Structure formats: C-alpha cells, structure tokens
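Open the structure in your viewer and keep the selection panel handy. We will go from stop to stop, with a short note on what to look for at each.

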Amino acid sequence: MAGGDSPAETKKGSSKTSKNTKESSKESTLKQKSPAEFFAENKNIAGFDNPGKSLYTTVRELVENALDSSESISELPEVEVTIEEIGKSKFNSMIGLIDRERVDTKLYDDYETDKAREDNGKGMPHDDIPNMFGRVLSGTKYGLKQTRGKFGLGAKMALIWSKMSTGLPIEISSSMKSQNYVTFCRLDIDIHRNIPHIHLHEKKANKEKWHGAEIQVVIEGNWTTYRSKILHYMRQMAVITPYAQFLFRFISETPEKNVTVKFTRRTDVMPPIPIETKHHPSSVDLLLIKRLVTDTSKKTLLQFLQNEFVNINKNLAARLIGEMGPDFSPGMAVKSVTSQQMVRIHQLFRQAKFDDPSGDCLSPAGEYNLRLGIIKELHPDMVATHSGSAQVFEGHPFIVEAGVSVGGRDVKQASHILLLFIHGINIFRFANRIPLLFEQGGDVVTRTALKRINWNSYKINQTQDKIGVFVSIVSTKIPFKGTGKEYIGDDISEIATAVKSAIQQCCIQLKSKIVKRLQAREQQERKRSLSRYIPDATGAVYEVLKQMTEEHTKKRKRYKEEETAMLEKVSKLIITKETLKEKLAEHVEQVDYEMALEYATQSGVSEEPRENIYLQQLNPNHSNFIDLQSPTFVFRLIL
C-alpha cells in the first residue's frame, strides 16, 4: 500500500507546484504606464493637489505659455484670462445629462468650473496642435535654455485634470502671423496610451487677420479658496512683466461676485529672447554624454567635443583627448566610443578646469523693467534695484536681480508664514520671471531677507517701515526643491551668496537716499525753528532802532556815519518792521542753503534733486529704433 501511494502523492504535489508557478508568473508580469497615466496618478507633483490648487495651476500654466508665445516673436503680450463659474444644471446640460432634483442635500458639495485664456502670441502650427496638447512630455521647451515651465507640461496637465474631473474636451483656436486661416481643434487625451483623442480638427477663414491662441478648458475648481492666490499671482506677474497687458475676469452665477482686474502696460521695452545653449562640460552626467554621442551629427571625437559643449575650443579639445589616454585620438569616430570610454570622458569633465559659461543665453527682466513694475504696482516712497553679473553653479549660469522698496501700499498677503508679519517684510520671489507663491519659509530669498540682512545698519526700520524685497533668479536650470517645485533651496552657496549681495547693494542705495532724506528733514526742522523766532526778533530789533533814531534826532548820542544813514532810513520809514522781517527771512534761507551746500560738498553729492518723469508710450508703428538702456531709464533713438 505504501508503495502504491507514493506515485499518487508525487503527482498531486507536482500539480500544486505547476499551479503556483502559473500564479507567480501572472503576478510577476511587467506592467508599463504611459507618462500621461503617471502624472494623472501623481497630479500633486504638477500642482494639481485639489480643485482650488488645480484652478490656480491651470491659470498659471496658460498665462506663462501665453507670455512665452508672445515674447518668442517679440510681440508685446496681451493676455486675457476669464474664469466662469458653471453651476450643476449648466454643467449637466453641457455633457447631455438630465438634471435631477436633489433628495438628500447633505450628500452634495457644489463646485466652480471653467477657465479660458486668450493671447496675441505666435500661434501654433495646424498639424502640431493635437500633439502639443494631447501627448505628455512632447513640446518645444526641452532644449537647454531659460524657460518659464517647471515640468514642460503646460496645458497638458490641465487637459488631464479636465479629463479626470469633468470629462469634457479642451478647445483650441490658433492662427499664426500672416496665416489666412484659424485652426480650431477640440480634443481630449487617451491617458493610458498617451495620445490625443481628436473630436474636431478644422480650418476656418481668418478674416480679421488675428494671430495668437485662445484656449478653453472646463475643469473642477474652487475660486473661493484660491481667489487671493490667483489675484496675487496676476499682480506679481504684472510686476515682473510691466511690458505686458493683463485682463482678468471672474464671471459668477451671482453678478455681484464678478471680478474684473486690468493690469495695464507701462512700457514697451521687452527683455531679449532667451537663447538655447550647449551644455557646459562640468554640468553633464554619464547618461547625458551617452545621449549626446548618440544624437550628434559630428564624425570625430575632436569635432564632438568642440561643437557639443560650451567653452571647449579646438586646442582644448585636443588637450583633453591627449589626457584621456592612448585609447583615444582626435580622429577616432565618435560613434565608436565605448561605454567604458564614456566613463573616462565623464571623469575627466569632472576633474578638469573649464572657463565658466557666460550669461549671454539668459534673459533677465532688467533693472528698468523691475523698477518700473515695482513702482507701477506698489507705489513705494523709495525703491532701489540691482542686477548682478552672471555667476555659475554646477556648470549652469544664473543671474540674480533684486529690488528693495520702502513705504507705499501695504501689499501683505494673507499668509500662513507669521514670520513675515513679525518682521514687517513683504517678500516677492521670481524664478525665470514667474512668481513663486508657495513654500516661502524654506526659500533662499526668504531666509536671506529675514536672517542675513541687518536692516538697521542701512537706516531701515523693520517694525515701522513697509519693506518690500523682490528677487528674480534666471538660469538654464533653476534648482527647485520639493515635489511641487515652488521654492529654491538654501543649500546652494553660490545662489545664497548672490542673493545676499544683490539685496545688500539695494540697501546701500537706499541708505544713501534715506540719509539725504533725514538730512533734508533736519534742514527743514532747523529752518522751521529759526523762522519761528523771526517775528519776535524783528520786533525787538525794530524797537532798538526806533530808540536809537530818537536819540539821534534829539542829539543825545552821536553815531558813526553808517549807523546814521541807517537811522535816517528808519525815520523816513524806508526801513520798517516788515522790511526787517523780510530781510531776516532771506538771511535764514541763505544760511540754510549754505549749510546744505557744505553738507553736500562734504558728502560728495554734486547732483541736483531728481524728480520722477513718466514718458508716454511711443507709437507702435515706429519699429526702426535703437534702445540705450540704463537701470533707471531707456533712451530711444528713432532712425
């Protein structure tokens, strides 16, 4: 019996093993996710944490795309943003759902939806529109240059959020300059396949010769909770781009809740267009070297090093190849470089010394625009700006611009960071010319302004003065921290030092102005004190003169010839109490002027007091001109 049972047990065991193997194989099957699917499941990474934040992020992404589009063709930006509140009944009719009365009202929570944006940018090519909006991680901003985008998602994430929250497609109207048609496209996205799902893609007549783009997307949002953030974002955008015109509207189902804000253009001077550049040898990693080798059109290693990187000329390229070892030669085919040899190239790039990259590829706002934006929106009593020279971190160039204002409008926003209220400082942060509104506490600008600047040494009182600190950082790589990329860390010493230096330069300028203002105030007080005694002094002197005149007339006392002449004028009423008062007032003015002049000479101040001058915008038809710019004005020579 024992011998007969053994085969049966073996067979049974074998059957169970086979079944477990199949289940294990099924469980271990590899699965893939498309980029669209990844961001849909991790939407908080791109700033779509909740309906309120999603509404804010959608506005921000579309506004920044509009600015990029206009600036790319040197067109003064005109951006219109409209948020329209859509109630449940209207939304149901839009999706073809029959409205139904609520039975259990406690189950429901109303929401606000819809977002539209229009600009006067360059527009988009007809055939590219579906992929530009319906395919994640495809676009025109993936080269090495200064860009506003944080992830390169733009409106794609808004479309994904629309797909998830309302299921409605996005609508795009676009036309390029000198194009005789307008492209209209209605589409959504196939999240699992990461491809656009086109509902309608057609051309319409462009009778008005319009160019630009208009985008309409219906999303779930919360205007009530993010109203202040969105309006604050628009105001800060107006500060950093005073050459743009923004029109913002919120249309509510309740008319008294409607909001319309217009930020008018203050100047027509635009920053230069950012230039795409090549990688600096010290900034590349092994993976990037492999990609560059794969993509390069150059034949030899010498040509590859010389043409694919900045600051490597022919002579330096030859020296680097000689340092790599006997396995390398200038004429060797770059496509034949092995993985081990790429490691050697990478190691040498890390160890060798290269000149720093220049900041020519960057496009800062400029002191003129920064100063103008601060004055335009905040109306401060005093403002100072400073633009630093290009510096480098990890092989990437960056430029820090700063402005510090004193007085003016109280623009403190409702913030959860009480530290800003305690110290009385309003901090405005910009990265690649976009405002950063979240996670202020850990940002390098906040920490520098609150902990590393001794405001009292610059005659600035933190408890009494309304201080505004504006810092704009532009770079080919902004070192954001956190998943939302909302702040710049305090751990990069090069950036921290540059930020501190830029703020200090502004404070030095302000100190000079504050000292002059204090001196002028002391001068006015001194003059006021002297003038207060003029009537009493005049009366006393005139009484003495009258008494001397009587003595002279009765020949009781003899006076010198000069004194006699003066007493005769008193007797003839040529010198009166009023004339003495006028002369004494003139003397006070003269003494005050001489003291001020002496102070100015000792302080090395030789310039006259300056007043604000505002110039009207020139006729936009005048396109043939040369701009000569300084931090405080632009001189335009019309040819």
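A disulfide is a pair of cysteine sulfur atoms within 2.5 Å, and by that cut-off the structure holds zero of them. Before selecting anything, bear in mind that this is a predicted model, in which local features need pLDDT of at least 70 and side-chain atom pairs count only at pLDDT 80 or more, while totals for chains, interfaces and linings use all residues. Residues are numbered from 1 along each chain as its sequence is written, and side-chain values use heavy atoms, with hydrogens and water left out.

**Stop 1: the whole protein**

Colour by secondary structure and you will find 18 helices and 18 strands. Helices (H or I, at least four residues) and strands (E, at least two) are DSSP runs, numbered from the N terminus. Of the 639 residues, 45% are buried; buried means under 20% relative accessible area, exposed over 50% and partly exposed in between, with a 1.4 Å probe and protein chains only. Contact means heavy atoms within 4.5 Å. Among contacts with a separation of 6 or more, 73% join residues 24 or more positions apart.

**Stop 2: the cysteines**

Select C506 and C507. The sulfur of C507 is the closest cysteine sulfur to that of C506, yet at 6.8 Å it is too far for a bond. C506 counts as buried, at 0% relative accessibility. Then jump to C361, which is also buried, at 8%.

**Stop 3: helices α3 and α7**

Now show residues 51–72 (α3) and 223–240 (α7), which pack at an angle of about 25 degrees with their axes 8 Å apart. Axes are lines fitted to C-alpha atoms, for helices over the stretch in contact, and angles run from 0 to 180 degrees between N-to-C directions. The two helices are therefore roughly parallel, a label for angles under 35 degrees. Add side chains to see the contact: α3 brings G52, K53, L55, Y56, V59, R60, V63, E64 and L67, and α7 brings W223, T225, Y226, K229, I230, Y233, M234 and M237.

**Stop 4: helix α6**

Which residues of α6 are buried? Select residues 155–165 for the helix, then pick out A155, K156, M157, A158, L159, I160, W161, S162 and S165. Nine of the 11 residues are buried, so α6 is largely enclosed by the rest of the structure. Its buried residues pack against α2 (35–41), α3, α5 (129–134), β3 (170–175), β4 (181–190) and β6 (212–221). Finish at G167, just after α6, which takes a positive phi of about 75 degrees.

Conventions
Angles under 35 degrees count as roughly parallel, over 145 as roughly antiparallel, 65 to 115 as roughly perpendicular and the rest as oblique.
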